Protein chains: 2
Amino acid sequence: MKRYAFFISDGTGITAETLGNSLLAQFERLEFERITMPYVDDEEKAHAAVAKMNQAAQDSGQPVILFDTIVNKSIRAIVDSADAFKVDIFATFLAPLEQELGTESSYSVGKSHLATDSHDYQARIDAINFALDNDDGARTRQYAEADIILVGVSRCGKTPTSLYMAMQFGIKAANYPLTEEDMLDLKLPKSLSEHRDKLYGLSIDPDRLALIRSERRANSRYASLKQCYLEVEEVELLYQREQIPYISTTARSIEEIATRILADTGLQRRLKT
Amino acid sequence: MKRYAFFISDGTGITAETLGNSLLAQFERLEFERITMPYVDDEEKAHAAVAKMNQAAQDSGQPVILFDTIVNKSIRAIVDSADAFKVDIFATFLAPLEQELGTESSYSVGKSHLATDSHDYQARIDAINFALDNDDGARTRQYAEADIILVGVSRCGKTPTSLYMAMQFGIKAANYPLTEEDMLDLKLPKSLSEHRDKLYGLSIDPDRLALIRSERRANSRYASLKQCYLEVEEVELLYQREQIPYISTTARSIEEIATRILADTGLQRRLKT
């Protein structure tokens with residue numbers, strides 16, 4: 001019987017989920033039934049959460065694992081009454097932090113933090129719009145404004161990486177698809193060579209590329225193993241010749257690709273939090 | 001003098017950042033200089049991280065605050081030697097979890113977790129592509145495949161919300177811009193009315209909308225207060241008449257809009273973690 005993991009918050013629940021999933025990932029052999037309950041911000045919802053946890057505990061024959069980030073004390077008191085093993089994120093860490101920082105936290109005074117910050121909000125929306133406007137080489141005249149320009153063959157992961165960098169870090173990432181013509185030209189297109197210091201390459205295992213391309217255009221030259229091997233070989237030669245740093249996207253999550261590029265380039269996040 | 005906060009990990013650093021930022025957000029009156037160091041996965045990088053923390057501690061005259069999620073024990077030992085107040089996320093919670101779950105964690109045996117999961121990876125990429133292909137009413141013939149269709153006036157937040165739902169939850173979210181014509185027609189376009197149960201409305205404060213539109217097209221009718229008030233009033237009447245649930249995006253982060261829609265609709269995440 002799978003054990004239940006609950007992520008409960010009076011906000012979005014994202015902190016409880018992120019931390020909880022990271023901790024549970026350390027128990028590879030176990031499987032969990034995961035339930036997120038965000039916006040548990042009044043006593044009625046707290047009682048409903050308790051009922052749901054108790055039902056899950058009864059069904060699985062074991063207390064649920066509870067990751068919570070509820071700030072309000074009376075709501076916490078209700079949630080605490082469930083049949084749960086509690087990983088109490090805020091209570092565990094905030095008291096020692098208060099002592100170290102020499103000040104009380106909003107948590108202690110029972111005030112919830114407002115998540116929106118207008119600078120970050122605007123920077124993020126601007127970056128998302130930039131990524132969309134400059135996706136897949138759609139336009140190149142805004143490259144002066146780009147923080148980074150991702151290059152690579154078709155379907156190697158440029159678009160999701162650009163969007164993630166915008167969404168998570170507020171970084172303006174353009175992306176440009178390198179074609180066979182670009183690679184055989186033995187020089188970069190002018191729109192790219194003008195911004196050489198912003199270029200970052202993506203590469204990919206050719207077998208994986210053929211698989212991905214086949215889902216879009218099965219049995220095409222474009223998706224053939226031969227073509228994929230050729231393009232990847234050529235693009236890596238181009239990266240080396242032009243001294244463009246690059247990373248393989250194979251077997252890497254979007255998060256990992258994006259954060260490795262940041263670590264490698266020293267590019268700074270544009271969002272404060 | 002601002003205090004330094006370091007987020008250090010042998011992986012992406014995202015867990016350390018998310019938890020750390022949530023905890024620091026509880027100290028509203030304090031400002032922190034934030035530094036993330038991901039992929040600290042060998043002793044040389046660990047010593048570099050220590051040097052950087054010690055320098056920051058010296059510059060600010062106080063120990064840095066350190067949030068870390070390093071798994072490897074010898075690397076941890078080095079990082080621990082820095083002049084830092086340590087919030088030790090894994091060490092604090094994993095021992096009690098091991099006891100509760102009756103098994104050792106990978107952390108205890110010194111093994112790092114691999115972040116990619118092929119089912120989740122593919123579901124996520126598919127959802128991102130779906131959001132891009134079905135952005136802004138670009139096409140409506142894939143709506144049968146959509147998990148949700150966000151509707152609303154131009155520039156109210158549909159695109160970032162769709163992309164976030166795809167990226168974070170693997171949910172296939174289309175979005176469709178409601179125009180004055182749609183609203184004055186007194187009935188929904190057929191492409192939408194066929195999928196009425198998937199519709200979710202976004203609304204926005206008209207003053208805020210005028211501000212956002214002005215950044216794209218200053219002094220236009222489109223961005224005028226009068227036009228924005230008219231469109232928002234009409235669209236909310238439409239939602240009420242057609243019994244489409246809706247949420248205001250004003251003063252809400254993308255995370256909050258997306259998670260509130262999930263909570264309201266009961267729509268399930270398609271990613272396991």
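**Exercise 1. In which sense do S1(B) and strand S2 (residues 32-37) of chain B pair, and over how many bridges?**

Before we start, keep in mind that this is a predicted model.

*Solution.*
- Step 1: Look at the two strands together. S1(B) and S2(B) pair in the parallel sense, over six bridges.
- Step 2: Pick one residue to follow. Phe7(B) has Thr36(B) in S2(B) as its bridge partner.
- Step 3: Trace the chain between the strands. From S1(B) the chain passes through helix H1 (residues 14-24) of chain B to S2(B), and this β-α-β crossover is right-handed.
- Step 4: Now turn to another partner. S1(B) also pairs with strand S3 (residues 64-69) of chain B, in the parallel sense and over five bridges. Here Ser9(B) stands opposite Thr69(B) in S3(B).

**Exercise 2. Which residues point one way from S1(B), and which the other way?**

*Solution.*
- Step 1: Recall the general pattern. In a regular strand, side chains alternate between the two faces of the sheet.
- Step 2: Sort the residues. Arg3(B), Ala5(B), Phe7(B) and Ser9(B) point one way, while Tyr4(B), Phe6(B) and Ile8(B) point the other way.
- Step 3: Check burial. Seven of the seven residues of S1(B) (residues 3-9) are buried, so the strand is largely enclosed by the rest of the structure.

**Exercise 3. Which helix belongs to the β-α-β unit of S3(B) and S4(B), and what is the unit's handedness?**

*Solution.*
- Step 1: Begin with the strands. S3(B) and strand S4 (residues 84-88) of chain B pair in the parallel sense over five bridges.
- Step 2: Find a bridge. Leu66(B) has Lys86(B) in S4(B) as its bridge partner.
- Step 3: Add the helix. Helix H3 (residues 73-79) of chain B joins S3(B) and S4(B) in a β-α-β unit that is right-handed.

**Exercise 4. What span should helix H6 (residues 158-169) of chain B have, and how far apart are its end C-alpha atoms?**

*Solution.*
- Step 1: Work out the expectation. H6(B) has twelve residues, and at 1.5 Å a residue they should span 16 Å.
- Step 2: Compare with the model. The end C-alpha atoms of H6(B) are 16 Å apart, which agrees.
- Step 3: Look at its surroundings. H6(B) is mostly covered, with eleven of its twelve residues buried; among them are Lys158(B), Thr159(B) and Ser162(B).
- Step 4: See what comes next. Gly170(B) follows H6(B) and has a positive phi, near 70°.

**Exercise 5. With which side chain does the side chain of Asn175(B) make a polar contact?**

*Solution.*
- Step 1: Locate the residue. Asn175(B) lies in strand S6 (residues 173-177) of chain B.
- Step 2: Ask how accessible it is. Asn175(B) counts as buried because its relative accessibility is 0%.
- Step 3: Find the partner. The side chain of Asn175(B) makes a polar contact with that of Ser162(B), at 3.2 Å.
- Step 4: Widen the view. Leaving aside neighbours within four places in sequence, the contacts of Asn175(B) include Asn134(B), Tyr143(B) and Leu150(B).

**Exercise 6. Why is Cys228(A) not bonded to Cys156(A)?**

*Solution.*
- Step 1: Search everywhere. Over all chains, the whole structure has zero disulfides.
- Step 2: Check the distance. The closest cysteine sulfur to that of Cys228(A) is in Cys156(A), 11 Å away, which is too far for a bond. The cut-off for a disulfide is 2.5 Å between sulfur atoms.
- Step 3: Finish with burial. Cys156(A) is buried, with a relative accessible area of 3%, and Cys228(A) also counts as buried, at 0% relative accessibility.

Definitions and conventions:
Residues are numbered from 1 along each chain as its sequence is written. Chains are lettered from A and ligands numbered from 1 in the order in which they are written. This is a predicted model: local features need pLDDT of at least 70, side-chain atom pairs count only at pLDDT 80 or more; totals for chains, interfaces and linings use all residues. Side-chain values use heavy atoms; hydrogens and water are left out. Buried means under 20% relative accessible area, exposed over 50%, partly exposed in between (1.4 Å probe, protein chains only). Helices (H or I, at least four residues) and strands (E, at least two) are DSSP runs, numbered from the N terminus. Two strands pair if DSSP finds at least two bridges between them. A crossover is right-handed if, with the strands pointing away from the viewer, the path from the first strand over the helix to the second runs clockwise. A polar contact is a pair of N or O atoms within 3.5 Å; within protein, one must be able to donate a hydrogen and the other to accept it, and residues adjacent in sequence count only if both atoms are side-chain atoms. Contact means heavy atoms within 4.5 Å. The expected span of a helix is 1.5 Å times one less than its number of residues.
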